[in-house]
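Me: Could you take a close look at one part of this protein for me, the packing around one buried aromatic residue? I'd like the rings first, then whatever else helps to place them.

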Amino acid sequence: MRNKGWGLKIVGIIFLVGFLQTISYCQTKDDRFKVLEKRLKDLSTTEPGLNEKTDLSVSDGTLQGFLRGLASTNNLNLNIDPSLTQHVNNYFSNETVANVLLYLAHQYNLDFTFIGSIISIAPYKDPLANLPPPPKNINISYNSFTQNVSYDLQDDTLLNVAKKITQLTNRNVVILPQLYTKRVTGYVQNLPLQNALEKLAITNSFKINTTSDSAIILEPLESDEEIVTKEKGLSNANFSIKKVNKDGSSSASSIEVNNDDNGKKIITLNVINAPIKDVIKNIAGQAGISYFEYSDIEGNTTANVKGMAFDQVLGDILHDTKYTYNIDKGVYMIGERANEGLRSVKLIQLQYRSVDSLIQFIPEDLRQGVEIKEFKELNSFLLSGSEPQIEEIASVIKQLDKVVPMITLEVIILDVNKGKSITTGISAGTSDSTVTPGGSILGGGGLNYTLGNKDINQFLSNIGVNNVFNLGRVTPSFYITLQALENRTNINERQTPKLSTLNGHTANLSIG
């Protein structure tokens, strides 16, 4: 706060000095003509020609000639500067020569120098003209409560703007020497310092960066860069840069780096046929990511992604190229896949499938450049190659290594014989003992029932109702059997074996 107070005092002193100089200039101008009038009046006591009345008329003559004629007519000693070539058109009647000279001094800004009776007349030279102009007030304000900045800049030097912002906000704004004399114009109202400087950078074509100690660095654009507005909704982006080829064609739209809720760097990329090397350089530069190139990276890329992690962007850019990357202690190692330090080895053990059943299902394009060995004893694959490609193959194997459903089939074996027999008739007789009635009626394929003596006698008694008929009674051992049967032979069940197989595989059964 102490530095801020001194800064305000210095600005106030500079403004006061400029104001006083302006007042002094106006007073000096009026005083100069008063001094000339007094000197002419004093000289007129010894030079009566200054008090003589004169009548003069000049049309389109030179000021030098007019003064020469005035001196000759009134016996004055005038030393006239040859540079007084202005054209004059004047008419004076019954006016003193002193007043005519004083009028000409006013009208044509002349200066008189007196040496004895000699008057030297020349153009007036302001002694304050060569003094440096008062410092221009830079219109910048800072609200310490909201920490917002407002400015109204009109052709101000960026160096002075940065100085005043540093004094007001106590936040260091550093300018690289190439921007010392750059003049800027812009207007914003109540914006955070970072955002306010971003708007100034966009409208005046320079870029900003922030160091680890929160200092803001203002840098010039490279010869192949143009600054563009950042996308809507990405309020944390430092700046957006468009890369321009030397032939003038645009090779990229914008590259922006933001922080997500967890502080992780996310990339928003919109490039069109841009060199891969330049894209990686710009992304890493804005995100503050360290990387090392083992070999020169060739080729171009086109992409339009939003909110993607750096690892994913880098992997997609290098996909289907001869280049890959590896991470060693936070440093990204980028180069050709065959280079030492970029190769990786990984053992993938299967849980549900066997290695010999999966190797044929790994896509051929994924296996190119990666050596795959089978370890049947460990039921594992050993992969050797670039790490991103290995991780892609590992992801495919993980999707294939699943439990396969087991299918159970129950088989019923039947012996089928087609045949039919019919039995009908009535049989009656006596037996050695009393016959027990019974059998089946419409069950088991037909009628097969035996009637005993009781059933028969009851039947005979019903026939002889009202003593119309009297058929008598049968002996206790008498019986009658009624038959009406149909017997068919179709199916005979032999076996019910069960078969088990994997889903999608063929199951075979052989019976001898």
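Reply: Let's start with Phe310, bearing in mind that this is a predicted model. Phe310 has a relative accessible area of 6%, so it counts as buried. Its ring pairs with that of Tyr332: the centres are 5.0 Å apart and the planes sit at 85°, which makes the pair edge-to-face. Along the chain these two are 22 residues apart, with Phe310 in helix α7 (residues 310-318) and Tyr332 in strand β19 (residues 331-336).

Tyr332 is buried too, at a relative accessible area of 10%. Tyr332 also pairs with Tyr325, and here the centres are 6.0 Å apart with the planes at 35°, so this one is tilted. Tyr325 has a relative accessible area of 13%, under the 20% cut-off, so it's buried as well.

Now for the wider setting. The largest nonpolar core has 31 residues, and Leu101, Leu110, Phe112 and Ile121 have the most contacts inside it. Helix α3 gives the most to this core, with eight residues. Phe310 and Tyr332 belong elsewhere: they're in a second, separate core of 26 residues that also includes Val257 and Val305.

As for other rings, the model has five aromatic pairs in total. Phe66, Phe92 and Tyr103 make up one aromatic cluster. There's also Arg32, whose charged end sits over the ring of Tyr124, 3.6 Å from its centre. Arg32 lies over the face of Phe33 as well, at 4.4 Å from the ring centre.

Terms used:
Residues numbered from 1 in each chain as written. Predicted model: local features only at pLDDT ≥ 70, side-chain atom pairs only at ≥ 80, totals over all residues. Heavy atoms only, no water. Core = buried A, V, L, I, M, F, W, Y, C linked by side-chain atoms within 4.5 Å. Buried < 20%, exposed > 50% of the residue type's maximum accessible area, 1.4 Å probe, protein only. Helix = DSSP H or I, 4+ residues; strand = E, 2+ residues; numbered from the N terminus. Phe/Tyr/Trp six-rings, centres within 6.5 Å; stacked < 30°, edge-to-face > 60°. Lys NZ or Arg CZ within 6 Å of the ring centre and 35° of its normal.
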